[in-house]
Amino acid sequence: MAVRFVLFGTIEAFVDGRPIELGHARQRSVLAALLADANRPVSIDQLTERVWADRPPHRAPRSIASYLSRLRRALAGADDVDILRGAGGYLIRVDPEAIDLHRFRTLVARARERQSLGLFDQALDLWRGEAFAGVDTQWCDAMRQTLDAERVAAELDRTDIALRLGAHNSVLAGVAARAAASPFDERMAGQLMLALYRAGRQADALDHYQRTRLRLADEFGADPGPALRELHQKILVTDADLELSSEGTVPRQLPAPPRWFVGRDSELAALTEAMDTQGGTVMVSAIAGPGGIGKTSLALKWAHRGVTRFPDGQLHVDLRGFDPSGAPMPPAVAIRRFLDALGVAPAAIPADEDSQVALYRSLVAGKRLLVMLDNARDAGQIEPLLPGSETCTVLVTSRNRLGGLGVRGAQLLHLDVLADEDARELLTHHIGAQRIAEEPRAVAALVHWCAGLPLALSIVASRAATQPGFPLDVLAKELRDSSARLDALDAGDLNANLRAVFSWSYRALDREPAQVFLLLGPAPGPDISLPAAAALTGLSGSRVRAVLRVLVDAHLLQEYVPGRYRMDDLLRLYATELAGDERSGLRRLTDFYLHTARAAAHLLRPERQPIELLPTMPGCTPLPLEHRAVAAVWFTDEHACLLATLDAAARNDWHDSTWKLAWTLSAFHVMRGHVRDDLAAWRAGVAATRKLDEPVAQAVAQMFLGDACTRVGDHTEAVDHLRRALSLAERAEAVTVLADVHRALGWTLEQDGDVERALNHTQHALRLFRATGNPMREADALNSAGWLHARLGHHAQAVADCERALVLCREHDHHRGEVVTLDSLGFIAQRHGDHARALGYYRDALELARETDDTYDEAGILDNMGEAQHALGRHGEAREAWQQALELYQAQHRAHSVEAIRRKLDAASRS
């Protein structure tokens with residue numbers, strides 16, 4: 001695991017990005033004292049002086065040893081750091097690059113050697129606050145002064161390079177701030193004067209010289225030095241030496257870099273790597289992503305960081321590909337602007353567009369030039385603006401994917417949302433660390449509801465900054481309300497209004513993709529498959545795939561795995577808002593899920609009495625499922641969407657669909673042990689059937705709710721629902737339902753310890769199943785009866801019932817029935833003392849349960865298998881089986897079983 005140390009700011013350590021607790025300030029100061037001399041021994045006397053100066057405690061060496069022992073434990077998870085003691089004292093062995101102080105010094109040295117703005121920026125970006133913040137010792141104070149001087153020197157050196165490159169506009173604000181903070185520093189004064197002069201502000205430059213001269217005279221009785229006086233004279237006479245020396249006009253058109261920029265390290269590295277390996281062709285990188293994701297900020301950050309790579313200039317144009325105020329900029333207009341920037345006289349510009357493009361490419365040929373094409377609509381808008389020279393670099397940003405550029409070998413970089421840590425850092429830059437620290441819960445909510453979108457975070461931060469007296473929780477509550485969230489993400493400007501920014505992408509869509517976008521927004525579930533999207537939209541599979549690709553290319557949708565699509569939360573909210581109350585798509589989608597789920601449920605649980613469904617709406621084609629394994633995979637993939645669709649059906653008062661979706665889901669829930677989901681689904685199902693005048697449906701729903709209550713251990717409520725189901729089924733004379741209810745009652749009563757009454761209900765169910773000619777359900781009842789006979793000590797009858805059940809299961813391919821019957825036969829053998837035979841049954845049952853993904857029954861089989869192994873003296877194997885069962889019980893939220901098996905494990909560990 002990789003370690004990283006921070007000394008520029010609060011002293012911190014991170015292992016694989018996770019913060020490590022370093023203890024109190026004195027302990028952190030010991031760590032800082034070692035890190036400052038990483039990989040070199042620091043004597044006990046040096047450490048003592050650095051931590052306590054001339055007032056060390058009586059047992060300073062012992063205290064230091066104790067602090068370092070705690071630090072070793074705190075850093076134990078890191079593979080690449082160690083704290084050692086040798087003859088020369090203590091030493092921390094670590095890669096210097098992992099410590100921001102040493103990385104800063106290395107980067108500054110390389111930056112000076114290469115005269116690289118980018119390396120200077122990387123070095124200065126490491127500063128997150130005052131060095132050794134929170135630690136107050138004489139040594140730390142001295143180090144702070146040294147490091148502050150190094151930082152200022154680096155800033156001054158960077159400014160000199162920027163001024164030589166003509167980047168005076170981008171450094172002017174920083175130079176002015178430093179000069180104001182250090183009014184007697186003549187080097188800073190000279191930099192500010194030169195930046196002002198080159199920015200066309202000669203009078204301001206001369207005025208600053210006079211103010212500096214007067215300050216020096218008042219404070220020291222001296223005039224400025226010869227360098228500053230010479231610069232003043234050159235500015236006074238507009239000396240040609242102050243102009244940027246170059247052949248022809250060197251364009252410096254980059255806008256200022258973003259004031260605050262966080263994260264994106266891998267993307268910045270990818271852009272640099274692409275440039276370093278461009279391989280003899282013009283390097284083109286296209287940064288794509290949805291509105292507000294920070295494409296332009298990333299491009300400008302990278303461009304300014306590497307500006308020295310482009311000594312022949314930087315061209316920039318906003319192509320307004322998604323501008324609300326007008327059409328995208330024609331390439332001919334952009335070319336004219338580039339020719340103007342390159343110093344071509346208007347009279348020398350050819351009349352026709354092809355000749356203009358040819359002239360542009362001739363002018364930039366062989367030059368180390370950056371061309372930034374911001375906010376492009378499509379590849380057609382970009383094509384004429386691409387240089388023909390391999391020395392040039394092109395950086396494109398767009399809301400569209402621009403696959404056409406990828407065909408030409410361009411690097412396509414998709415920009416995703418910020419990680420939570422980076423989102424929090426961005427808020428901190430805007431609002432301030434103190435305010436962030438005061439309301440951690442509100443900050444966490446803001447990060448969550450802004451969903452990692454930089455524009456959303458910046459809007460929220462802007463609103464917070466304009467109301468410094470308001471608690472952040474006020475904003476968090478606004479965002480929590482989905483009906484008001486987009487209103488809250490509006491800072492009063494079109495470019496700082498999330499709804500408006502999203503609208504520019506939406507309005508750029510053709511009619512059909514726009515309609516599909518509106519249908520996808522309110523669609524239930526976290527994502528949607530291609531067949532489900534076809535049902536939702538009423539389009540054919542091939543047509544909907546093409547339309548979804550348009551939305552993916554426009555970054556209004558993500559195909560995050562092949563064939564499955566999802567929409568970012570804030571975009572979904574916008575689409576839902578636009579969609580209004582249109583429900584025909586949802587009705588088709590509900591039919592798709594219901595009809596496909598019924599077919600899947602029958603494959604998983606063929607023994608259950610099927611339910612009848614109404615025909616699907618036009619435009620809805622259920623998915624054909626070939627066999628049981630395919631059905632299980634489909635249920636796994638669509639589970640969250642099915643639950644969400646059931647909730648949507650309940651909200652829309654589609655009562656028939658609601659309870660029947662619960663019925664289809666229960667087949668999967670029982671098999672996989674989703675007992676809480678099953679309980680929630682059947683509570684909705686019972687509520688729906690109460691609105692229908694269908695006693696049989698009510699009986700079925702009450703029965704399944706009773707089953708679900710039993711699985712979560714609520715036997716009292718289970719019996720209540722099952723008795724209602726019994727009464728409803730009897731009144732409706734629904735024999736098959738009545739049989740199922742009696743068997744369910746038997747199981748519930750047995751779980752509650754009433755084995756005699758459980759057997760009566762089970763035998764009643766058995767008679768009804770035989771009378772209705774349902775051999776698979778007969779097998780289920782026989783197995784249940786056999787289990788109950790074993791509980792009562794009726795060994796022969798138990799064996800007879802379960803062996804007959806096993807024959808029926810195998811005759812009719814009733815796999816789950818076979819699993820639980822083998823488990824019962826194992827239980828019967830174990831009750832009779834034949835533990836080896838029992839273990840054989842359990843192993844057969846376990847193999848079949850795993851083969852059919854029957855994790856609910858797998859847990860119980862492993863539990864019973866542990867009992868048999870324990871009885872045979874195989875204690876290690878017993879503990880392993882129980883541990884596996886415990887993990888399944890926990891995943892299935894079966895609290896009673898979890899407690900019981902923990903007791904077994906505790907007893908086994910003591911024996």
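# Close-up views of a predicted model

**Figure 1. Strands β4 and β5 pair in an antiparallel arrangement.** In this predicted model, strand β4 (residues 81-86) and strand β5 (residues 89-94) are joined by six bridges. The connection from β4 to β5 is a hairpin of two residues. Within the pair, D82 of the hairpin's β4 side has R93 of β5 standing opposite.

**Figure 2. Helix α25 is mostly covered by its surroundings.** Of the eight residues in α25 (residues 530-537), seven are buried. These buried residues are L530, A532, A533, A534, A535, L536 and T537. The elements that cover them include two that precede the helix in sequence, α24 (511-520) and β11 (528-529). Also included in the cover are α26 (541-553), β13 (564-566) and α28 (584-604). At the start of α25, the backbone nitrogen of A532 has a side-chain oxygen of S529 within 3.2 Å. Just after the helix, the backbone of G538 adopts a positive phi of about 75°.

**Figure 3. L548 is among the residues with the most contacts inside the largest nonpolar core.** This core has 158 residues, and W302, F517 and F635 share with L548 the position of having the most contacts inside it. Helix α32 (residues 695-711) gives the most to the core, contributing nine residues. Leaving aside residues up to four places away in sequence, L548 touches V516, L520, L530, A533, L557 and Y565. Two of these partners, L530 and A533, are also listed among the buried residues of α25. Another core, of 80 residues, lies apart from the largest one and has L47, Y67, A131 and A162 among its members.

**Figure 4. R463 of helix α20 makes a polar contact with E478.** R463 is found in α20 (residues 454-466). Because its relative accessibility is 18%, under the 20% limit, R463 counts as buried. The side chains of R463 and E478 make their polar contact at 3.1 Å. When residues up to four places away in sequence are not counted, R463 touches L475, A488 and D490 as well as E478.

**Figure 5. D720 and R724 form a salt bridge within helix α33.** The closest N and O atoms of the two residues are 2.8 Å apart. Both residues lie in α33 (residues 715-732), separated by four residues, or about one turn of the helix. D720 is partly exposed at 35% relative accessibility, and R724 is likewise partly exposed, with a relative accessible area of 36%.

**Figure 6. R757 and D754 meet through their side chains in a salt bridge.** The N to O distance is 3.0 Å. R757 has a relative accessible area of 36% and is partly exposed. D754, at 25% relative accessibility, also counts as partly exposed.

**Figure 7. A salt bridge joins R816 and D854.** Their closest N and O atoms are 3.9 Å apart. R816 belongs to helix α38 (residues 815-831), whereas D854 lies in the loop between α39 (835-851) and α40 (855-871), so the pair ties together parts that are 38 residues apart in sequence. Both partners are buried: R816 has 17% relative accessibility, and D854 has a relative accessible area of 2%.

**Figure 8. R112, D157, D160 and R187 are linked in a network of salt bridges.** The network is made up of two arginines, R112 and R187, together with the aspartates D157 and D160. Across the whole structure, a search finds 43 salt bridges.

Terms used
Residues are numbered from 1 along each chain as its sequence is written. This is a predicted model: local features need pLDDT of at least 70, side-chain atom pairs count only at pLDDT 80 or more; totals for chains, interfaces and linings use all residues. Side-chain values use heavy atoms; hydrogens and water are left out. Buried means under 20% relative accessible area, exposed over 50%, partly exposed in between (1.4 Å probe, protein chains only). Contact means heavy atoms within 4.5 Å. A polar contact is a pair of N or O atoms within 3.5 Å; within protein, one must be able to donate a hydrogen and the other to accept it, and residues adjacent in sequence count only if both atoms are side-chain atoms. Two strands pair if DSSP finds at least two bridges between them. A nonpolar core is a set of buried Ala, Val, Leu, Ile, Met, Phe, Trp, Tyr and Cys residues joined through side-chain atoms within 4.5 Å. A salt bridge is a side-chain nitrogen of Lys or Arg within 4 Å of a carboxyl oxygen of Asp or Glu.
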